[in-house]
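Here are a few exercises to work through with the coordinates open beside you. Try each task before you read its solution.

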Amino acid sequence: MRLPVLYWERKVSAVRSLEEVLVDWEAVIGLEIHAELTTLETKMFCNCKLEFGADPNTHTCPVCLGLPGALPVPNRAAIESIVLAGLATNCDIEKRSMFYRKNYMYPDMPKNFQTTQGSVAFCMRGHLDLDVDGPAAKERYQLDKLAVGDERENIVRTDSGYRAHVGITRIHMEEDAGKMVHLGGGEGRIAGATHSLVDYNRAGTPLIELVTEPDLRTPEEARLFMQKLRQIYLAIGISDCSMEEGSLRCDGNVSLRRRGAKEFGTKTELKNMNSFKNLHDGLAYEICRQAEVLEEGGQIYQETRHWDPSQKRTIVMRVKETADDYRLFPEPDLAPYDLSDEFIESVRAKLPELPEQKAARFAQDFALSAYDARHLVEHRETAAFFEACMELAGKDATTLSKPIANLIINDVTAYLNANEGVVLADTQFTPARALELVRLLADDTISSKQAKEVFAAVMEEGLDPAAIVEARGMKQVSDTGAIEAVVDGVLAANPDKVEQYKGGKTGLIGFFVGQCMKEMKGQGNPKVINELLAKKLS
């Protein structure tokens, strides 16, 4: 019998950071990622239409409502989609598998069981490799003690971070449950609600669940895995992967063990993480909470917890069910499924270029760094925009690829993030205007600071970059003679600072550059100004 341990439910104090906790403890993380096959037209076992946002209970029938005598018929297109997902994630495709009844009493599934697959699913034994770099790599314990190329457990050290190999146990097919709406409570949750409503439109929606091996060790790795999987699902076109609408969601399982220990600790499950940030922050909190409990002599219970982003803490939902609780048994109304070699190969032929393959091609064809290429393909629209720019650039593609990549990764991405819901293709910024902007920057017509101003003006006014530069008188002065006269004047006006510079206060170079730019009303070429100052102050 479980006794209440209210002491351990207090909010974790900020005494120790995640990085400090991971010095003593190793986190073992596994993910269960659910994706609705929203690009299909009908549900998994009936002909009811799939439509997000439809009036409640308008897309239901005797099959998805579980009425007596109604028989399910598998959706062939859904089977194709899960096989496509398996091939894209390096899974073995099982030729023979079957469906089971997963029994539970809850009103979101009117027939009181969910049709799902068991231990043998359509897709088994896959993997994805994650490139972890920059700040994300800092969460990995003692990474700096590895030399480039060194291996440790499932990671290999790289120039900018490390590459992690993450196993995939399986991807299985199941049907989604209906949607519960809790009313009368403070936060839309069942706790405190006065009554609940249920919409069965979603019941029976084809859903695939990917289960990872417990190979993840940091919240950043978990976040990156889910991001990469989302990119793959979007590329192969099986789901819209909308985390806001619930068509992509994630459960995170996490436990702790002392550094050097081999046995797993008791895990908790964070349910229905609906954003990458929530997944990271929820796991980070839970790691710190478990460490605090264990270090003070407490016990971790196998339970399902809810992440509350407003309070930045996890809250107990229920004691975790086990497989026995679900009373799984073979679905008597569905025969075992047999996939032929011909069927599998026909699906394989539909595989498009995957994000990782596209990034490798960008790096090879356009001389981009792996970092730039990977960030360009994070979103389909930025990858397509870059390709359109390179096609327009023609023989100059390799020369302009780096500045175009910088423009997209920094300015374009920042604009899209700040204007949620805006589609790049619907803005005033076209590939032709992007090329014109980077050419103006490359030939020193404008400075990098001015380029950002021109980009913002293009988005707002819809004019070509050259027209904006001309209208605003933004052309840089690069004439050496004209700039040298200004430099001489600034140095003559500040003899004391010249002496200080020559005495070792080299940081004053910024002061001299600023004075020169002020004299030239911001239109002097900073590169030429710096070169002349360095020459005259040497």
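The exercises below concern a predicted model, and each one is followed by a worked solution.

**Exercise 1. Cysteines**

Task: find how many disulfides the structure has, and look into what surrounds Cys123 and Cys288.

Solution. Start with the cut-off: two cysteine sulfur atoms must lie within 2.5 Å to count as a disulfide. With that rule, the count is zero disulfides. Next, take Cys123: its nearest cysteine sulfur belongs to Cys91 and is 5.3 Å away, so Cys123 is in no disulfide. Its relative accessibility is 0%, so Cys123 counts as buried. Now turn to Cys288, where the closest cysteine sulfur, in Cys250, is 19 Å away, too far for a bond. Cys288 is also buried, with a relative accessibility of 13%.

**Exercise 2. A helix with a buried side**

Task: work out how the buried and exposed residues of helix H14 are arranged around its axis.

Solution. First, locate the helix: H14 covers residues 480-493, which makes 14 residues. From first C-alpha to last it reaches 20 Å, close to the 20 Å expected at 1.5 Å a residue. Second, pick out its buried residues, which are Ile483, Val487, Val490 and Leu491. Third, look down the axis: these buried residues fall within an arc of 95 degrees, so they line one face of H14. Finally, check the face turned away from the buried side of H14, where you will meet the exposed residues Ala485, Ala492 and Ala493.

**Exercise 3. An enclosed helix**

Task: is H4 largely enclosed by the rest of the structure or largely exposed?

Solution. Begin with the extent of H4: residues 276-295, or 20 residues, reaching 29 Å from the first C-alpha to the last. The expected value at 1.5 Å a residue is 28 Å, and the span is close to that. Then consider burial: 17 of the 20 residues of H4 are buried, so the helix is largely enclosed by the rest of the structure. As a last step, look just beyond the helix: H4 is followed by Gly297, whose phi is positive, near 85 degrees.

**Exercise 4. A cavity and its lining**

Task: describe the second largest cavity and the makeup of its lining.

Solution. Count first: the structure holds two cavities of 30 Å³ or more. The second largest has a volume of about 40 Å³. Its lining consists of Lys43, Met44, Phe45, Cys46, Val63, Cys64, Lys111, Glu175 and Gly204. Sorting these residues by character gives five nonpolar, one polar and three charged.

Conventions. Residues are numbered from 1 along each chain as its sequence is written. This is a predicted model: local features need pLDDT of at least 70, side-chain atom pairs count only at pLDDT 80 or more; totals for chains, interfaces and linings use all residues. Side-chain values use heavy atoms; hydrogens and water are left out. On a 1 Å grid over the protein atoms alone, a cavity is a set of points where a 1.4 Å probe fits but cannot get out, and a pocket is an open set with protein on both sides within 12 Å along at least five of seven lines; lining residues have an atom within 4 Å of a point. Grid points are joined across faces, edges and corners, and a volume is the space filled by probe spheres set on the points. Ala, Val, Leu, Ile, Met, Phe, Trp, Tyr, Cys and Pro count as nonpolar, Asp, Glu, Lys and Arg as charged, and the others, Gly among them, as polar. Buried means under 20% relative accessible area, exposed over 50%, partly exposed in between (1.4 Å probe, protein chains only). Helices (H or I, at least four residues) and strands (E, at least two) are DSSP runs, numbered from the N terminus. The expected span of a helix is 1.5 Å times one less than its number of residues. The arc is that of the directions from the helix axis to the C-beta atoms.
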